Amino acid sequence: MKRPNILILMVDQLNGTLFPDGPADWLHAPNLKALAAKSARFKNAYTASPLCAPGRASFMSGQLPRRTGVYDNAAEFSSAIPTYAHHLRRAGWQTALSGKMHFVGPDQLHGFEERLTTDIYPADFGWTPDYRKPGERIDWWYHNMGSVTGAGVAEISNQMEYDDEVAYNAVRKVYDLSRGKDPRPWMLTVSFTHPHDPYVARRKYWDLYEDCEHLLPEVPAMDYDAHDPHAKRIFDANDWRNFEITEENIRRSRRAYFANISYLDDKIGEILHAMEATRQEATILFVSDHGDMLGERGLWFKMSFYEGSSRVPLMIAGDGVAPGLIETPVSTIDVTPTVCALAGVPLGEVAPFTDGENLAPLTEGATRTSPVAMEYAAEASYAPLVALRQGKWKFTRCALDPDQLFDLSADPHELENLADDPAHAEVWKRFDAEARARWDLARYDAEVRESQARRHIVYEALRNGAYYPWDHQPLQAASERFMRNHMDLNVVEENARFPRGE
């Protein structure tokens, strides 16, 4: 079997409802649209957990958060958990990461041989929530609505500086791979932080959406008391009472968000152009870690199982993947077994370490009956939340709240909770039984609380006295770059060129 190169393109907080069959027609995203045309496009793909670190740890490992122990944005991702980078590297691939993966803990590689950039977020335990203090806001790291009231145009920002660097290093790596210095097939993961808030975009992309017809949400903001209990907790965590959100704020936030999709499209285009220019082929996968509510029903950012927050784009192009639209619900935890299968790694070696399923058969017309599972036990929650998505149904449960049951075919905006509707009692019973079989919520809650308590102690200890950061420090061996006197100039010039001289 041919051992394909693999390019994984990941973005942050991209709402999957904007990708009903590749990018929506009105989005200015020519490179992603061209990729979609040759891809298997998964209309109903879901994150394993609607927050960065838990969602990404699950994506890389193929395991749900309760199994990884990565409950929130400050929970350590254990070095003993195999990732798709481990599986591929073990099977003979060279593996590299450019960009964000929000690894927490001293292991900042998790199977990657090379990491070309540092991360944009901290690697320590400083962002640990505390279930012992429900309702407490830690203002210096919790989201607040300033991202919405401050939306607009900027030519540089913290986020832009990061993603410019991610793309630059990824393009350099693609060119370097073309030189063929390493005979192994390669796997390159490129992970951007846009279109994650703050909602700030460069003028050239902002101007693309001047006449956009989608600058207001389809479901307007609701009164606080009209929301379900978890949505209220999200509002409180986001400090909504200290901000006045106007219609203009909403328009500007969504406009900047859409503009940043176009910014990402350009960055991805740079990478794909370098691939084309160097005549390299690869299986390409495009995905996001979670979504963004974008003001629907008044909610912003993520942290819930509503479609805008939990649904993500997922597209796969390459040999063995038939292009087309697949509507079966799938999960980001399916990526690890799928990538391994496409690479020819025996799934028997992967299966014990993943909760996911190989998606390739779905592209060939196979059916899937198992539900997609999601978990959330991070900021804005006071106890773990779980969800199941199967067929047209979505079921959510938290020990603190009433169940929710939505028929997404009839109610795509999830406005009518059918959990207590006698007409759907049999459906509720089926999901109730499945949820009870999968989750012991009391035990799950105890595990999360124990993890939080341990991390608070460790973090406070490590911030006393000498401090050694876990953040990844990209290093370059300057004496091995370009031309040095222990090298043969003729060999350097010949080997660094693609294509070679004729």
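Which helices each supply at least two residues of the lining of the second largest pocket? Helix 9 (247–277) and helix 10 (307–310) do, and the legends below come back to them. Keep in mind that this is a predicted model.

**View 1. The second largest pocket, with helix 9 and helix 10 in its wall.** Here we're looking into a space of about 670 Å³. Its lining runs to 30 residues, and those nearest the centre are T17, E218, R311, P412 and H413. Sorted by class, the wall is made of 12 nonpolar, eight polar and 10 charged residues.

**View 2. The largest pocket, lined by 37 residues.** This one holds about 1200 Å³ of space. Nearest its centre you'll find R172, D176, R179, K181 and R481. Two or more lining residues each come from strand 4 (94–99), strand 5 (114–115), helix 6 (158–178), strand 7 (186–195) and helix 16 (489–495). Helix 6 gives the largest share, with six residues. If you're thinking about the chemistry of the wall, the split is 16 nonpolar, eight polar and 13 charged residues.

**View 3. Y71 and Y444, a tilted ring pair.** The model has 19 aromatic pairs in total, and this is one of them. As a reminder of the geometry, a pair of aromatic rings is described by the distance of the centres and the angle of the planes. For Y71 and Y444 the centres are 6.2 Å apart and the planes sit at 45°, so the pair counts as tilted. Y71 belongs to the loop between helix 3 (65–68) and helix 4 (84–90), while Y444 is part of helix 15 (residues 441–462), so the pair ties together parts that are 373 residues apart in sequence. Are these two rings buried or exposed? Y71 has a relative accessibility of 7%, so it counts as buried. Y444 is buried too, with a relative accessible area of 0%.

**View 4. Y209 and F258, another tilted pair.** With ring centres 6.0 Å apart and planes at 50°, Y209 and F258 also get the tilted label. The pair links distant parts of the chain: Y209 is in the loop between helix 7 (203–206) and helix 8 (229–237), and F258 is in helix 9, 49 residues apart. Both Y209 and F258 are buried. Zoom out a little and the two turn out to be members of one aromatic cluster, together with W26, Y199, Y257, W300 and F301.

**View 5. Two arginines over ring faces.** Which ring does R3 lie over? R3 lies over the face of W93, at 4.6 Å from the ring centre. In the other panel, R233 lies over the face of Y382, and the distance to the ring centre is 5.4 Å.

**View 6. The largest cavity, lined in part by strand 2 and strand 11.** The structure holds two cavities of 30 Å³ or more, and the largest has about 50 Å³ of space. Its lining is made of F19, P20, D21, G22, R41, F42, K43, P313, L314, M315 and L325. Strand 2 (40–42) and strand 11 (314–317) are the elements that give two or more of these residues. By class, that makes seven nonpolar, one polar and three charged residues.

**View 7. The second largest cavity, about 40 Å³ in volume.** The residues around it are A53, R56, A57, V70, A75, F77, M101, H102, F103 and V104. Eight of the lining residues are nonpolar, one is polar and one is charged.

**View 8. Helix 2, largely enclosed by the rest of the structure.** How many of the residues of helix 2 (residues 52–61) are buried? The count is 10 of the 10, so the helix is largely enclosed by the rest of the structure. Among the buried residues of helix 2 are A53, R56 and A57, which also appear in the lining of the second largest cavity. The buried residues of helix 2 pack against strand 1 (6–12), helix 3, helix 4, strand 7, strand 9 (283–288) and helix 11 (335–343). Just after helix 2 comes G62, with a positive phi of about 75°.

Note on methods: Residues numbered from 1 in each chain as written. Predicted model: local features only at pLDDT ≥ 70, side-chain atom pairs only at ≥ 80, totals over all residues. Heavy atoms only, no water. 1 Å grid on protein atoms, 1.4 Å probe; cavity = no way out; pocket = protein on both sides within 12 Å on 5 of 7 lines; lining within 4 Å. Points joined across faces, edges and corners; volume = space filled by probe spheres on them. Helix = DSSP H or I, 4+ residues; strand = E, 2+ residues; numbered from the N terminus. Nonpolar A, V, L, I, M, F, W, Y, C, P; charged D, E, K, R; others polar. Phe/Tyr/Trp six-rings, centres within 6.5 Å; stacked < 30°, edge-to-face > 60°. Buried < 20%, exposed > 50% of the residue type's maximum accessible area, 1.4 Å probe, protein only. Lys NZ or Arg CZ within 6 Å of the ring centre and 35° of its normal. Contact = heavy atoms within 4.5 Å.
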